[in-house]
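Could you walk me through this model in my viewer, one selection at a time? I would like to know what to pick next and what is there.

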Amino acid sequence: MATKHENDAVLERKVEALRPPPMYQVLLLNDDFTPMDFVILILQEHFNKDRASATQIMLKVHNEGRGVCGVFSKDIASTKVELVLTHAREYGHPLQCVMEEA
């Protein structure tokens, strides 16, 4: 769409496409010290997983070294990472939780 001004200059309106915000995966990383039951508890409490889903994710972390807990906006993913790390440290576990762009 073009608009004319007083000096006959034509200005064009630049239309920018809006993109949805980037999403981030929250992942748990395997270690040799955090008990499997604690990982299941983390998945249930912080990611609202039922016992069966939490167990499947925990086994993926155990067998493949990492597992996706969920996909969230940046702020929510960052908050979940901090909550999981704080919870793990309170119980003396070295569990690692990270986020990466999906």
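Start with helices α1 and α2, which cross in a right-handed sense. This is a predicted model, so treat what you see as a prediction. Select residues 51–64 for α2 and watch its axis come within 9 Å of that of α1, the two crossing at roughly 125°. That angle makes α1 oblique to α2.

Now show side chains at this contact. From α1, pick Met-36, Asp-37, Val-39, Ile-40, Leu-43 and Gln-44. From α2, add Arg-51, Ala-54, Thr-55, Ile-57, Met-58 and His-62. Colour them by class and you will find 7 nonpolar, 3 polar and 2 charged residues in the contact of α1 with α2.

Keep α1 (residues 36–47) on screen and add α3, residues 74–90. At what angle do α1 and α3 pack? The angle is about 140°, and the axes lie 11 Å apart. Here too the helices are oblique, α1 to α3. The crossing of α1 past α3 is right-handed.

For the side chains of this second contact, select Phe-38, Leu-41, Ile-42, Glu-45, His-46 and Phe-47 on α1. Their counterparts on α3 are Lys-80, Leu-83, Val-84, His-87 and Ala-88. By class, the contact of α1 with α3 holds 7 nonpolar, 2 polar and 2 charged residues.

Stay with Phe-38 and add Tyr-91. The model has 2 aromatic pairs. In the pair formed by Phe-38 and Tyr-91, the ring centres are 5.7 Å apart and the planes meet at 45°, so the pair is tilted. Phe-38 belongs to helix α1 while Tyr-91 sits in the loop between α3 and β5, so this pair ties together parts that are 53 residues apart in sequence.

Next, turn to the sheet. Which strands does α3 lie across? The helix lies across β3, β4 and β5, and runs at about 170° to β5. Hide the helices and you are left with an open sheet of 3 strands, in the order β4-β3-β5, with antiparallel pairing. Select 66–73 for β4 and 96–101 for β5: these strands stand at the edges, each with a single partner strand, so one side of each has no neighbour in the sheet. Look along the sheet to see the twist, which averages 25° from one strand to the next.

Zoom in on β3, residues 23–29, and follow the 7 bridges that join it to antiparallel β4. Two places to click are Leu-29, which stands opposite Arg-66 in β4, and Leu-27, whose bridge partner in β4 is Val-68.

Finally, swing round to the pairing of β3 with β5. How many bridges do you have to follow here? There are 6, again in the antiparallel sense. Click on Leu-28 to end the tour: Cys-97 in β5 stands opposite this residue.

Definitions and conventions. Residues numbered from 1 in each chain as written. Predicted model: local features only at pLDDT ≥ 70, side-chain atom pairs only at ≥ 80, totals over all residues. Heavy atoms only, no water. Axes fitted to C-alpha atoms, helices over the stretch in contact; angles between N-to-C directions. Helix = DSSP H or I, 4+ residues; strand = E, 2+ residues; numbered from the N terminus. Parallel < 35°, antiparallel > 145°, perpendicular 65-115°, else oblique. Left-handed = near helix turned anticlockwise from the far one by under 90°. Contact = heavy atoms within 4.5 Å. Nonpolar A, V, L, I, M, F, W, Y, C, P; charged D, E, K, R; others polar. Pairing = 2+ DSSP bridges. Phe/Tyr/Trp six-rings, centres within 6.5 Å; stacked < 30°, edge-to-face > 60°.
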